[in-house]
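Here is a short note to read beside the model. Please keep the structure open and find each residue as you go.

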Amino acid sequence: MSFLEINGVRKTFGQSVAVEHFELRAERGEFVSFLGPSGCGKTTTLRMVAGFERPSAGHIRIDGVDMTDTPPNKRKIGMVFQSYALFPNMTVADNIGFGMRVAGRPRAEIRARVDEMLGLIHMPEFARRYPAQLSGGQQQRVALARALAAQPQLLLLDEPLSALDAKIRLSLRQEIRAIQRQLNITTIYVTHDQEEAMSLSDRIVVMNRGRIEQIGGPFEVYNFPQTGFVASFVGTLNVLPAEVVDAGAGRVRVDGQEIALGKPISGGAAGQRLSVAVRPEIISPNGAHGPQANQLRGSVEDVTFLGAIVRVRVRLGASAVHFDVFNNPHLAPPAHGDLVTLRFPAESCMVITEARNH
Amino acid sequence: MKRASFWPWLWLALGAAYFIIPLAATMQFSLQAKRGTLGFTAYANIFRDGNFFSSFAFSFQTAMATILISVLLIVPTAYWVQLRLPQARRLIELLTLLPFVVPAVVLVFSLARTYNGTPLTNSREGLRVLLTGAYVVLSFPYMYRSVDTGLRAINVRALTEAAQILGAGWPTILLRVILPNVLLSVLSGAFITFAIVMGEFTIASLLAQPAFGPYISLLSSSKVYEPSALAVVSFALTWASIGLIQFLSRGTPGQGQMAGPR
């Protein structure tokens, strides 16, 4: 039996379906992210786990106990909100100790635990400050400490970093992961930021329109997307319209140029239209990947300098392909109008079909 | 530089004069109870009058009861409307206009007719309860709007959910999380309520209650200098109340701060 079990959960608001057939099993200490665009049902699912929304169908079990009808204040869950939600009338120490005070723990125990938590978030000198006297990043660290102080069995984070600026976001992200590992607490993290989900999670639940598209580790989700949505939502992707030439040999034609997919196209027939996707970082211009690799010829249409990498758009005819090269100060990037041959291994091509049905 | 600062000062002075001159004149008049000299005779007369203290005490107690009932009734209502029934906000706001639309005379006669023959009109205590009830209605718009404004300034939903997930039940959420964060709004509503009850005449007089309003009125019709002295005393009391709000607001550092990102 898994530590957290979400079985066949569905949530409707009036006529509209927010979450449909949600199935997840998470183990103790696991860090799971719900990733998806806004309105995909990830926050609604998290709120059902917290108890703020009641599932229209299905069950939620934590450590073997059915929590579906348990009110939020009886679930022993810690939660961090996007808006921090610190109590403005209480000091940092009082905020952190709130859960334990409500639970009626002895004063000395609360004080010791608050001190321990302040140490954990590296803010021992801020105990007597009020939330309004802290920066956004500091407030969110206090919110994290508050969520963890009463030793919850599950930690929920609802887009905790989205209100912060880029630098703080990065450092706090690492801090959250370190603390989570240290305490070995089962964590659900909701985000629409794929980089955040990739860098933090043991597993990612990619959601779209209330449904799970794919569940898997970051490596798996990024490299082996199971649906077109996952492929396009996670990372950047070149999607090329193609026509099947030989389904058995796995050969298709893109803008008049033939390429191999490295595997047969199941259920495909010559002349059938489909889409082929290739990650920009897989493609390299001129030479690399050897003579066996796929080749597409085109002319450089646009060059975007992004710092460490340079993103180049190549026009093939009706479609265009992006590829990335590492910035090299001693090597001039491709110029507009240059003719290039793009190479990429056949096995790196993804064939995109319709989204899978669950 | 001097030219630039002249006009604002002039307007400020004119505005101040508009308020201060009548008050100063009233004050000066109140000090002339003894012919030819300035003195506090009128004030001494007021404070010597037993009815001053008894009526003041009566209204003060009624005001406190009114405030207590209003707070108990309106804070949870406004909170619930904000959290769960935002669609009811328009209806409640419409209701808050009623005490302005219905004249006090109509209110008091309606109350008297409705509760006629019940313990509320048969006894002195009952009438006092009726009076307090009427004052709760009168102060409803002020109390509701000020509490509602306070609640809108904090992220009620997020604070409630944060407290809930930390194990708090409704009484804890209301008393330890919501109320302290709207305390200033509650206080300002309370002081307006206090001012209304202390000066109210129509209802108290028609219900034949020994309140401060009827006392002032009685004094005005029978004395010359004392009513002016009383006016100055009530101004002083009001200002003291406002000063108290300012003083209390300094002690609450988190007050008025958004709980969310800014």
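1. Aromatic pairs come to 26 over all chains. Keep in mind that this model is predicted. One of the pairs is B:Phe60 with B:Phe194. The two ring centres are 5.7 Å apart, and the planes meet at 85°, so the pair counts as edge-to-face.

2. Where do B:Phe60 and B:Phe194 lie? B:Phe60 is in helix α3 (residues 50–83) of chain B, and B:Phe194 is in helix α10 (residues 183–199) of chain B. The pair therefore ties together parts that are 134 residues apart in sequence. B:Phe60 is partly exposed, with 34% relative accessibility. B:Phe194 is buried, at 12%.

3. Now take B:Phe212 and B:Tyr215. Their ring centres lie 6.2 Å apart and their planes are at 20°, so this pair is stacked. Both belong to helix α12 (residues 212–222) of chain B. They are three residues apart there, which means a separation of about one helical turn. B:Phe212 is buried at 4% relative accessibility. B:Tyr215 is buried too, at 7%.

4. Ring pairs also build a cluster in chain B. Its members include B:Phe47, B:Phe52, B:Phe53 and B:Phe56. B:Phe60, B:Phe194, B:Phe212 and B:Tyr215 belong to the cluster as well.

5. Which residues of helix α2 (residues 41–48) of chain B are buried? They are B:Ala42, B:Tyr43 and B:Ile46. These residues cover an arc of only 100° around the axis, so they sit on the same side of α2(B).

6. Chain A has charges over rings. A:Arg146 lies over the face of A:Phe87, 4.7 Å from the ring centre. The charged end of A:Arg279 sits over the ring of A:Tyr222, at 4.0 Å from its centre.

Conventions:
Residues numbered from 1 in each chain as written. Chains lettered and ligands numbered in written order. Predicted model: local features only at pLDDT ≥ 70, side-chain atom pairs only at ≥ 80, totals over all residues. Heavy atoms only, no water. Buried < 20%, exposed > 50% of the residue type's maximum accessible area, 1.4 Å probe, protein only. Helix = DSSP H or I, 4+ residues; strand = E, 2+ residues; numbered from the N terminus. Arc of directions from axis to C-beta. Phe/Tyr/Trp six-rings, centres within 6.5 Å; stacked < 30°, edge-to-face > 60°. Lys NZ or Arg CZ within 6 Å of the ring centre and 35° of its normal.
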